[in-house]
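These are my notes on one helix and on the aromatic pairs. Please read them beside the coordinates.

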Amino acid sequence: FTEEHFYSASEAVAGRMYSQENWSHPPGSNVVAWAKPALNSPLVYLQFGDGPKTYADETYRRLVQNALFWAASQEAHAWAREAQ
């Protein structure tokens, strides 16, 4: 995860997709998915991008499916309650 692989969201919204003009990405973690409790509910966050290419990827779709099934499970809800 290096700066050249990230782009400005505000530039994209302004119609300049894939622009890094006057923008830099601070150094950070390479964590792209995590789970945490949100009150008594499990919450899963996946940060893999969006768009037709991402949504068409079978591995991405399996990851979303697994996250949804886990978040809906009794095990995940028990984990969230215990984490409070």
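1. In H3, the buried residues (under 20% relative accessible area, 1.4 Å probe, protein chains only) are Tyr-60, Ala-67 and Ala-71. Seen down the helix axis, the buried residues of H3 fall within an arc of 25 degrees, so they line one face; the arc is taken from the directions from the axis to the C-beta atoms.

2. This is a predicted model: local features need pLDDT of at least 70 and side-chain atom pairs pLDDT 80 or more, while totals for chains, interfaces and linings use all residues. Residues are numbered from 1 along each chain as its sequence is written, and side-chain values use heavy atoms, without hydrogens or water.

3. The face of H3 turned away from the buried side carries Thr-59 and Phe-69, both exposed (over 50%; partly exposed lies in between). Cover for the buried residues includes strand E2 (41-46), helix H2 (52-56) and helix H4 (74-82), with contact meaning heavy atoms within 4.5 Å.

4. Asp-57 caps the N-terminal end of H3, with a side-chain oxygen 2.9 Å from the backbone nitrogen of Thr-59.

5. The whole structure has five aromatic pairs (ring centres within 6.5 Å; planes under 30 degrees apart are stacked, over 60 edge-to-face, the rest tilted). Tyr-7 and Tyr-18 form an edge-to-face pair, 5.3 Å centre to centre with 80 degrees between the planes. Tyr-7 lies in the segment before helix H1 (9-13) and Tyr-18 in the loop between H1 and strand E1 (33-38), so the pair ties together parts 11 residues apart in sequence.

6. Phe-48, Tyr-55 and Tyr-60 form one aromatic cluster.

How values were computed: Helices (H or I, at least four residues) and strands (E, at least two) are DSSP runs, numbered from the N terminus. A polar contact is a pair of N or O atoms within 3.5 Å; within protein, one must be able to donate a hydrogen and the other to accept it, and residues adjacent in sequence count only if both atoms are side-chain atoms. Rings of Phe, Tyr and Trp (its six-membered ring) pair if their centres lie within 6.5 Å; planes under 30 degrees apart count as stacked, over 60 as edge-to-face and the rest as tilted.
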